[in-house]
Amino acid sequence: MQRNNKSTALQVMLINGDYPEGFNVNFNKVVPEPTDEQISGLEAILEPLVGGTTQEGTITAKTTVTNK
């Protein structure tokens with residue numbers, strides 16, 4: 001079987017004074033397997049922009065499987 005990455009998305013939950021329960025920011029078409037360093041780099045950019053902190057992140061990958 002052959003596996004091909006169809007798409008990868010990253011959802012990051014951020015918390016700040018306006019949203020104490022948090023809010024989600026979604027990114028589509030990210031690299032197939034983002035590294036911890038890449039995710040941390042994105043968090044370092046986002047946190048000052050929203051004036052908050054990162055609570056958690058969710059990576060969603062879609063893979064196609066074919067009989068080849």
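## Close-up views of a predicted chain

**View 1. Asn16 reaches back to the backbone with its side chain.** The backbone nitrogen of Tyr19 sits 2.9 Å from a polar atom of the Asn16 side chain. Asp18 joins in too, with its backbone nitrogen 3.0 Å from a polar atom of that side chain. Keep in mind that this is a predicted model. Asn16 belongs to the loop running between strand 1 (2-15) and strand 2 (23-28). Is Asn16 buried or exposed? Its relative accessibility is 13%, so Asn16 counts as buried, the cut-off being under 20%. Leaving out residues up to four places away in sequence, Asn16 touches Phe23, Val50, Gly51 and Gly52.

**View 2. Asp18 shares the loop but sits out in the open.** Asp18 is also placed in the loop between strand 1 and strand 2. With 65% relative accessibility, Asp18 counts as exposed, whereas Asn16 at 13% counts as buried. The Asp18 backbone nitrogen is the one found 3.0 Å from a polar atom of the Asn16 side chain. For a sense of scale, pick out Ala44 as well: Asp18 and Ala44 are 26 residues apart in sequence, and their C-alpha atoms are 19 Å apart in space.

**View 3. Thr8 is buried and has plenty to touch.** Thr8 is a strand 1 residue, and at 3% relative accessibility it counts as buried. Which side chain does Thr8 meet in a polar contact? That would be Asn5, with 3.0 Å between the two side chains. Setting aside neighbours within four places in sequence, the contacts of Thr8 include one run of Phe27, Asn28, Lys29, Val30, Val31 and Pro32, then Pro34. Ile59, Thr60 and Ala61 are also among the contacts of Thr8.

**View 4. Thr63 lines up with the start of the chain.** Thr63 lies in strand 3, which covers residues 53-66. How far apart are Thr63 and Asn5 in sequence and in space? They are separated by 58 residues in sequence, yet by 4.5 Å in space, C-alpha to C-alpha. Not counting residues up to four places away in sequence, Thr63 touches Arg3, Asn4 and Lys6. Its relative accessible area is 44%, so Thr63 is partly exposed, falling between the 20% and 50% cut-offs. Asn5 turns up here a second time, as the partner of Thr8 in the 3.0 Å side-chain polar contact.

**View 5. Lys29 has a positive phi without being a glycine.** The phi angle of Lys29 is about 60°. Look for Lys29 in the loop between strand 2 and helix 1 (36-50). Lys29 is exposed, at 78% relative accessible area, but it still shows up in the contact list of Thr8.

**View 6. Pro34 is tucked into the loop ahead of helix 1.** Pro34 is found in the loop between strand 2 and helix 1. Lys29 lies in that loop as well, though Lys29 is exposed while Pro34, with 18% relative accessibility, counts as buried. What does Pro34 touch once neighbours within four places in sequence are ignored? Its contacts are Thr8, Ile39 and Ile59. Thr60 is 26 residues from Pro34 in sequence and 11 Å from it in space, C-alpha to C-alpha.

**View 7. Zooming out puts the close-ups in context.** The chain has 1 helix and 3 strands, in the order β-β-α-β along the sequence. Why call the chain spread out? Its radius of gyration is 15 Å, well over the 11 Å the globule rule gives for 68 residues, so the chain is more spread out than a compact globule. The C-alpha trace spans about 50 × 20 × 15 Å along its principal axes. Of the 68 residues, 16% count as buried; Asn16, Thr8 and Pro34 are among them. For contacts with a separation of 6 or more, 63% come from residues 24 or more positions apart.

**View 8. The surface and its charges round off the set.** About 5100 Å² of the chain is exposed, and carbon and sulfur atoms supply 49% of that area. The chain carries 5 positive and 8 negative charges, and the mean positions of these two groups are 25 Å apart.

Notes:
Residues are numbered from 1 along each chain as its sequence is written. This is a predicted model: local features need pLDDT of at least 70, side-chain atom pairs count only at pLDDT 80 or more; totals for chains, interfaces and linings use all residues. Side-chain values use heavy atoms; hydrogens and water are left out. Helices (H or I, at least four residues) and strands (E, at least two) are DSSP runs, numbered from the N terminus. The radius of gyration is taken over C-alpha atoms; the globule rule is 2.2 Å times the number of residues to the power 0.38. Buried means under 20% relative accessible area, exposed over 50%, partly exposed in between (1.4 Å probe, protein chains only). Contact means heavy atoms within 4.5 Å. Accessible areas come from the Shrake-Rupley method with a 1.4 Å probe; for residues, only the protein chains shown count as cover. Lys and Arg count as positive and Asp and Glu as negative; His and the chain ends are not counted. The place of a charge is taken as NZ of Lys, CZ of Arg, CG of Asp or CD of Glu. A polar contact is a pair of N or O atoms within 3.5 Å; within protein, one must be able to donate a hydrogen and the other to accept it, and residues adjacent in sequence count only if both atoms are side-chain atoms.
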